[in-house]
Amino acid sequence: MIKVRDARLRPIAAKVEFGERLSNHDALVLFDTGDLVGLGAMANLANQRKNGDRVFFAANQHINPTNVCILRNTCVFCSFARMPGEEGEYTHSIDEVLAEAHAASDNPTREFHIVGGLHPKLRLSYYADMIRQLKAKHPGVHIKALTAVEIAHLAKIERSTTRQVLMDLKAAGLDTLPGGGAEVFGKNVRATIADRKLHAEDYLRVHREAHGLGIRSNCTMLYGHVETHEDRVEHLAMLRALQDETAGFLTYIPLAYHPDHNELGKELGREGTATTGFDDLKNVAVGRLFLDNFDHVKTHWPMVTQFVSQVALHFGCDDIEGTVVYERVYHDAGAHTPMAMGYGQIVRFIKAAGKTPVERDSLYGTVRTFAADDPLFEERGAGGEPASAELIQLVGAGRA
Ligand code: V47
């Protein structure tokens, strides 16, 4: 029997024990409860049933080819985007992207995670060439690139369809889509924080099309700004419905809003005040419990800190963001976490949480399981590993 303090959780705990699907109302109660420990126990059980003690991580590298974005003035939560010509804007040539990937090739990278902005001039050929050349130079590396929002933007620029853009990118070597751009699907929230961004139905359509083409994808929710608990539940219900239809989502990643250096943070008077650890853990746990048709829930340590991520491994989370190497989107928004985590650090973090570290590939195939006596556990050093000087120079001076 799962122990819960909040009596409202008892019927939900019974459902969890019997493996029954939770209703939208159940999810609302879960977001509302103060019984974080009870909630965590339920989510932990749901996760244990799916993944046991295994915690997955990927040796990945984030690459952001451009921060130029035509939505810069309407996505008011974003600190990364710049208008063309605005101070701080950058667009990397394909050679620069290749150099960035090469500079990190000492790391055992198995995945490039590539996202940027909606550049008014970059064509589909730029991205297709980039993917093709990255694949040629790093044949074993999986390419997870371009959010549904970027795919839709490219379709507009090319006067094509999102399905065609996906097919062209797949032919160039695209393997999966990342989950960014979902934010919160509810119309009122979207109108407030991301007025001109791709609508919810279109975000979901692009993912549906990708799944139909054999391109698996991730999905996200950006929480901790103006959304209500009802908005969160509506968002999760839409993700669950698409997963029922296609089973194409690999993982769900709750993303914590960072309020520095963006309009929304100023307007809300929230600068310097990110989400609370309590809410971070709640979002992981509710995601795990409500999204019963998802195999994995990932914690994104650059946003919530490595410490909250480590605790999240007991709140329903079985997957931790990987090595990353160089992160821009959240660090521009005030995240104080390190730029990267070393491979050994991640392994030790997972082990210290009492779990079994498993390096995975991008489709959750096992690359390496770490036995309890692995020599990597003996190494020391739990702090963040800074990006190398060479990499900092390549990706833009002053941005480290
Ligand atoms: O869609 C932007 C978020 C997302 C801020 O698929 C912000 O494996 C917090 O989706 N505060 C892009 N968040 C990144 C993303 C992602 C991250 C890690 C893994 C995966 C995956 C996907 O970043 C955006 C938006 O939701 N974001 N600005 C900000 N100020």
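**Notebook: sheet and ligand site**

I began at one residue pair: Phe57 faces Ile320, a residue of strand 8. I note that the model is predicted.

**Entry 1, around strand 1.** I looked up how strand 1 joins strand 8. Strand 1 and strand 8, the latter covering residues 319–320, run parallel and are joined by two bridges. I then turned to the pairing of strand 1 with strand 9. Strand 1 covers residues 54–57 and strand 9 covers residues 356–360; the two are parallel, with four bridges between them. For Arg54 I found Thr356 as the bridge partner in strand 9.

**Entry 2, the whole sheet.** In which order do the seven strands lie? I read 5-6-7-8-1-9-10, in an open sheet with mixed pairing. Strand 5 and strand 10 (366–369) are at the edges and have a single partner strand each, so each has one side without a neighbour in the sheet. As a reminder to myself, the strands of a sheet pair through backbone hydrogen bonds, in either a parallel or an antiparallel way.

**Entry 3, strands 6 and 7.** I checked this pair as well. Strand 6 runs parallel to strand 7 (residues 296–299), and two bridges join them. Thr251 has His296 of strand 7 as its bridge partner.

**Entry 4, the ligand shell.** I counted 25 residues around the ligand, and the closest are Phe77, Lys144, Gly181, Glu183 and His258. By class, the shell holds 12 nonpolar, nine polar and four charged residues. Which strands each supply at least two residues of this shell? I listed strand 5 (217–223) and strand 6 (249–256). Strand 5 is thus on my list twice, as a supplier of shell residues and as an edge strand of the sheet.

**Entry 5, polar contacts of the ligand.** I looked up three distances. A ligand nitrogen is 2.8 Å from a polar backbone atom of His258, a residue I had already listed among the closest. The side chain of Asn218 places an N or O atom 2.9 Å from a ligand oxygen. For Lys298, a polar side-chain atom is 3.0 Å from an oxygen atom of the ligand.

**Entry 6, burial.** How much of the ligand's area does the protein bury? The ligand alone exposes 620 Å², and the protein buries 96% of this. I also looked up the cavities: the largest cavity is the space that the ligand takes.

Key: Residues numbered from 1 in each chain as written. Predicted model: local features only at pLDDT ≥ 70, side-chain atom pairs only at ≥ 80, totals over all residues. Heavy atoms only, no water. Near = heavy atom within 4 Å. Polar contact = N/O pair within 3.5 Å; in protein donor to acceptor, adjacent residues only side chain to side chain. Areas by Shrake-Rupley, 256 points an atom, 1.4 Å probe, with all protein chains shown as cover. 1 Å grid on protein atoms, 1.4 Å probe; cavity = no way out; pocket = protein on both sides within 12 Å on 5 of 7 lines; lining within 4 Å. Sits in = over half its atoms within 2 Å of the grid points. Nonpolar A, V, L, I, M, F, W, Y, C, P; charged D, E, K, R; others polar. Pairing = 2+ DSSP bridges.
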